[in-house]
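Biologist: Could you pick one part of this model and walk me through it closely, then show me how it sits with its surroundings? I'd like the contacts residue by residue where you have them.

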Amino acid sequence: MICDIHFKLNGAETVYKGDPSARLLDVLRGELQLTGTKCGCREGECGACAVIINGRLVNSCLAAMGSLVGSDVMTIEGYSTTERFAVLDRAYAEASAVQCGFCIPGMIMASECILASNPHPSETEIRTGISGNLCRCTGYNAIVRAIGIAAGEGSGLW
Ligand code: FES
Ligand code: FES
């Protein structure tokens, strides 16, 4: 079955014409060529594919296109044009929080959701906020530090 699905993608009105059961992750990385969103497990376990839908962190490997009608989807490509991203980018660099980089797009989207709901999170709240995102390079401590730095330096942005 082919459907027209209207939604917003990185601020632009978008129409997807295709199978409503297709996974958002596959559509992003395939026909939309937005390959910043990574594919790890395809089972909702690793967070590499995390995007923000209507302000909430969602694993795009578990989101069917048919569920997106009228939704507002932000991927790392759209987020990377924002001032908030620039603060996080600098903080991740300052904390040396990036090793191979595979988990980082998902971690950045999780970081945004943590700070958007709580601009001054405790370490425990940060660790809880990234608990659905796996880093194979075991960079968690540096990532937690980076989010803390961003919280301090981005004061007023979140
Ligand atoms: S690829 Fe989606 S959670 Fe791992
Ligand atoms: S930096 Fe390599 S998986 Fe996180």
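Modeller: Let's start at S96, which sits just after helix α3 and takes a positive phi of about 50 degrees. Keep in mind that this is a predicted model. Stepping back into the helix itself, α3 runs over residues 83-94, which makes 12 residues. From first C-alpha to last, α3 reaches 17 Å, close to the 16 Å expected at 1.5 Å a residue.

Which residues of α3 are buried? They are F85, V87, L88, A91 and Y92. These residues lie on the same side of α3, because the arc they cover around the axis is only 160 degrees. The general rule behind that kind of pattern is that an α-helix has 3.6 residues a turn, so residues three or four places apart point the same way. On the face of α3 turned away from the buried side you'll find the exposed residues E83, A93 and E94.

So what does the buried side look at? The buried residues of α3 pack against α2 (76-79), α4 and α6 (140-153). A91 makes a handy close-up, since this residue lies in helix α3. A91 counts as buried because its relative accessibility is 0%, and the cut-off is under 20%. Setting aside neighbours within four places in sequence, A91 is in contact with A146, I149 and A150. For a sense of distance, the C-alpha atoms of A91 and G66 are separated by 36 Å, although the two residues are 25 apart along the chain.

Two of the buried α3 residues come up again in the largest nonpolar core. That core has 31 residues, and the ones touching the most other members are Y79, L88, Y92, I108, I130, I143 and I147. Two or more residues come from each of α2, α3, α4 and α6. I147 shows how this is knitted together: not counting residues up to four places away in sequence, I147 touches Y92, S111, I114, L115, I126 and I130. There is also a second, separate core of 15 residues, and Y16, V27, L28 and L34 are among its members. In general, nonpolar side chains tend to be buried together in soluble globular proteins.

Now for the α3 neighbour α4, which has 14 residues. Its C-alpha span is 20 Å, close to the 20 Å expected at 1.5 Å a residue. Helix α4 is mostly covered, with 12 of its 14 residues buried. Among those buried residues are I104, G106, I108, S111, E112 and I114.

From α4 we get to the sheet, where 5 strands form an open arrangement in the order β2-β1-β5-β3-β4, with mixed pairing. At the edges are β2 (12-18) and β4 (56-59), each pairing on one side only. From one strand to the next, the twist averages 40 degrees. Helix α4 (residues 104-117) packs on this sheet and touches β3, β4 and β5, with its direction making about 35 degrees with that of β3.

Strand β3 is covered on both faces: A50 and I52 on one side, V51 and I53 on the other, are all buried. In the antiparallel pairing of β3 (residues 50-53) with β5 (residues 72-74) there are 2 bridges, and I52 stands opposite M74 in β5. Toward the other neighbour, β3 and β4 run antiparallel and are joined by 4 bridges, with R56 in β4 as the bridge partner of I53. Those two strands form a hairpin with 2 residues between them, and N54 in the turn has a positive phi of about 50 degrees.

One last stop is S60, in the loop between β4 and β5. With 0% relative accessibility, S60 counts as buried. Leaving out residues up to four places away in sequence, S60 touches R23, L24, L25, L28, T37, C49 and V51. In that list, V51 is one of the buried β3 residues, and L28 belongs to the second core.

Key: Residues numbered from 1 in each chain as written. Chains lettered and ligands numbered in written order. Predicted model: local features only at pLDDT ≥ 70, side-chain atom pairs only at ≥ 80, totals over all residues. Heavy atoms only, no water. Pairing = 2+ DSSP bridges. Axes fitted to C-alpha atoms, helices over the stretch in contact; angles between N-to-C directions. Contact = heavy atoms within 4.5 Å. Expected span 1.5 Å × (residues − 1). Buried < 20%, exposed > 50% of the residue type's maximum accessible area, 1.4 Å probe, protein only. Arc of directions from axis to C-beta. Core = buried A, V, L, I, M, F, W, Y, C linked by side-chain atoms within 4.5 Å.
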